[in-house]
Amino acid sequence: MGALMRAYDWSTTTLGPKERWPQSLVTLVRVMLNSQQPMFIAWGPDRTLVYNDTYAPMLGGRHPSALGRPFFEIWPEVRDAVGALMDRVFTGDPVHMDDLQLTLHRNGYPEETHFAFSYTPVFGDDGAVAGLFCACTETTRQVLAERQAASERQRQRVMLQQMPGFVAVLRDPPHIFEYVNDAYVTIAGQRDYLGRSAREVFPEVEGQGFFELLDRVYTTGEAYTASNQPIRFAGDDADRFITFIYQPIRDAAGAVTGIFVGGYEMTDQVRARAALAESESRYRALFESIDVGFCIIELRFEGDRAVDYRIVEANPAFERQTGANVLGLWVSEFAPDLEHHWFETYGHVALTGEPAHFENKADVFGRWFDVRALRVGDPGEHRVAVLFSDISERKRMEDALRVMNTTLERQVSERTAERNFLATIVERTDVLVMAADLNYTILAINKANADEFERIYGVRPKVGDNMLDLLADQPEHQAQVRAGWGRGLAGEETTFVEDYGDPERTRPYYEIKFRTLRDERGERVGCYQFVADVTERLRGQAELAQAQEALRQSQKMEAVGQLTGGLAHDFNNLLAGISGSLELMQTRMQQGRLTDVDRYMTAAQGAAKRAAALTHRLLAFSRRQTLDPKPTDVTRLATGMHDLIQRTVGPGIPVEVVGATNGWPALVDPPQLENALLNLCINARDAMPDGGTITVETANKWMDERAARQHDLPEGQYLSLCVTDTGTGMPPEVVARAFDPFFTTKPIGEGTGLGLSMIYGFAQQSGGQVRIYSEVGQGTTVCIYLPRHYGEVEDETRDQTIGELPRSEAGETVLIVDDEPTVRMLITDILEDLGYAAIEAGDSATGLKVLQSDVRIDLLVTDVGLPGGMNGRQMADAARVHRPELKVLFITGYAENAILGNGTLPPGMAVLTKPFAMDRMAARIRSMIEGSKEQALRS
């Protein structure tokens, strides 16, 4: 713009030749041309426009012809918006606006724009306003972005409102409600939510564990999910059930600022499942106890013609009725001469779904049967349920009656015998049977029911008695009987399990079924009851659960024993190598024989490194290892391990590595990832005793909201590392427990159940997740999902030795704080070899005194666990109050939460894991001090 202005013929404008410009205008032009902020000057009565380079883009296609022309000749469309503002300025009144919306035609089309600007009057030599000076910033993009963000927030609120499940957003302890959707209000009731804490809104939930879970999620930053969790609100007379998630909400820095609550009410489903289980139990009891034969058969067809069937399920009465135990057998195997009409009848039921009721003789059994058949299950399975009774005796009697042409009296007698037979069955069964009218009066009762009633309540009932009157002197029992029978007499056909009797003694549990009793017109006149004592069954289930839990605990303790025994063995071997090598080094040095010292030193260092690796594996199992994450090309890592994996699993199992094209990097500890990958491949090998193939594959994965919820991860981009085998696979119950510590399917002595648990801990510490996909007989895939790292992967470079590192500059000082004198000695020796001045402190209090003095400190090297009242992180934070730019290198053998705080270290802090190589320590110290100098130069 300076060049354009110098070349411009200003004599054609009201400003005149630039040699005659007033000094105030010349000064402003110089200021404007040397500024990086957009500026312009409107001078004189026609407000001639002069502007700088950063203002030119705002003009669009009007530049450069706008130079030297009247302002409103260039911007006619803004005259109404800014003309009055400029008039104010030319009267000597400055104008400032943070947001002015204008519609400009600078690129050939109208566009909405926004500006923040200041109009400043410029006074001439005569004291009058000669011009206007403007410093401005176009904020169009910012305004539109904020508008879009507000729209997005509104869209999200609308989406949350339309979600079928309940949603709430809580902020900060004590968990203040910021938002609830209608579904949340429907479930929890109309309350004063917004701006109040969870404990204020739901005082009745205190003691049910929900508030404690909210505190834990906020403190740990770990999401919590629960299925079918019981909850009781004020006014509820029974528990309700919800499935929910507490998901921490984080700010841009990763700090937890609130909790997202979402879920569904599952009360109906839970109660339905419980009712189904009770129904199945009753069915099984009836199935086993009834005297009517029952079986389920599966037919085999040739075209549409049934040619055979087999018994897939049968009750005990089946064998009594038929005289044969044929479960699982085909008819062609045990009764090849069975009449074909049985196949035709059952085949018709299976194909059409039409039930059948008939009487027929089976010559192969020499018996007559009364049969009812109906199709069950999927029609394609060709299964038919058959209920039958042996009516051979009745048939023989009917034949005799026909032959003898019996009298009507004989026929009446036969029907009476049938009724008596049914009455005898009811009277002799162990099932408690009773019928009552709508006024609780007993219409019928069998002996088993009367005996049990007398045993429980001390009074024997009979037909005609009123149940409530019998229990008039026992009000608690009367209320319980009224509640149960009241449901049945109200027309509810239900089944439930409940305990009855004296609360001072063991109360038996009964499974009670109510069915409606109707008269000949179909009107409800009462109900009848079937009751079975299920006390022993429930006790057996409880004892079985206790035994299973005891077995699991025993297996865990046995695995712990194997683990500790193995660790003791491994550590003793390693310590023997270290101590023996050091003793021999000392002996040889005293003897003056230095030729063997290097060999013993190498042996001791190797044993120490193996001990460190063993410690890291233990920390990985405990989820407390200190990770050293680096930007890592996971595809390159997996490809580089191909030969190692192949040698480990053996030549009989081919290993293929399939790497993603342009795979994303991940921020991960490479040695730990290598260890996890090798363990997964060994597990895959063990799952293929008869051989197979192993595939290692990496891929880029985008987790949308649905996928992230399925994988228990935040939405975003991930790099997956998967190991697939073609082995035996795992059933769902094994997959569900695979990551539990000490759980293993391998024989005793062949596995402790720690491998997958350690991999799970490593993935969680790395911000990722592990998932298992398996099908029995089809193989297994285990995938590790790691968050994508948005940065470059550094080239691999060789480590520098101490001798190769640059020397310290004069005066550079390092403070070492560690309660272990040996560690302080080693670090001090390293620093002195490199020319540093070293100051030592054995506890946090002494170290803080040095840090709060005026002594020069270029770097603080400190352990985390320190005596003196503060740990290393607390000491470093306190020191940074006095020395804000202090560089800190933490050295630790244990990943204490005090190191990381909210999950990340502030700039200028780093972690080095014990034990460490001395050259690595020296290189890290040098790099941090150099980084401090570079930052100082930039600032």
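**Figure 1. Pairing of strands β16 and β20 in the predicted model.** In this predicted model, strand β16 (residues 432-437) and strand β20 (residues 524-533) run antiparallel and are joined by six bridges. Within this pairing, A435 has Y528 of β20 as its bridge partner.

**Figure 2. The five-stranded open sheet and the helices packed on it.** The strands of this open sheet follow the order β17-β16-β20-β19-β18, with antiparallel pairing. Its edges are formed by β17 (442-445) and β18 (495-499), each of which pairs on one side only. From one strand to the next, the twist averages 25 degrees. Helix α16 (residues 447-457) packs on the sheet and touches β16, β17, β19 (509-518) and β20. The direction of α16 makes about 85 degrees with that of β16. Helix α18 (residues 475-489) also packs on the sheet, where it touches β16, β18, β19 and β20. The direction of α18 makes about 125 degrees with that of β20.

**Figure 3. The hairpin of strands β26 and β27.** Strand β26 (residues 769-775) pairs with strand β27 (residues 779-787) in the antiparallel sense, over seven bridges. V770 stands opposite I784 in β27. Three residues lie between the two strands of the hairpin, and G777 in the turn has a positive phi of about 85 degrees.

**Figure 4. Packing of helices α28 and α29.** The axes of helix α28 (residues 844-851) and helix α29 (residues 872-882) come within 9 Å and cross at roughly 15 degrees. Because angles under 35 degrees count as roughly parallel, α28 is described as roughly parallel to α29. The crossing of these two helices, α28 and α29, is right-handed. On the α28 side, the contact comprises S844, G847, L848 and L851, which meet M875, A878, A879 and H882 of α29. Classified by residue type, the contact of α28 with α29 has five nonpolar, three polar and no charged residues.

**Figure 5. Confidence along the chain.** The chain has a mean pLDDT of 83, with 84% of its residues reaching 70 or more. Confidence in the chain is highest in strand β2 (residues 48-51), at a mean of 96, and lowest in helix α30 (residues 897-900), at 52. Over residues 797-803, pLDDT stays under 50. For residues 797-803 the model has nine contacts beyond four places in sequence. Predicted coordinates should not be read in detail where pLDDT is low.

How values were computed
Residues numbered from 1 in each chain as written. Predicted model: local features only at pLDDT ≥ 70, side-chain atom pairs only at ≥ 80, totals over all residues. Heavy atoms only, no water. Axes fitted to C-alpha atoms, helices over the stretch in contact; angles between N-to-C directions. Helix = DSSP H or I, 4+ residues; strand = E, 2+ residues; numbered from the N terminus. Parallel < 35°, antiparallel > 145°, perpendicular 65-115°, else oblique. Left-handed = near helix turned anticlockwise from the far one by under 90°. Contact = heavy atoms within 4.5 Å. Nonpolar A, V, L, I, M, F, W, Y, C, P; charged D, E, K, R; others polar. pLDDT = per-residue confidence, 0-100. Pairing = 2+ DSSP bridges.
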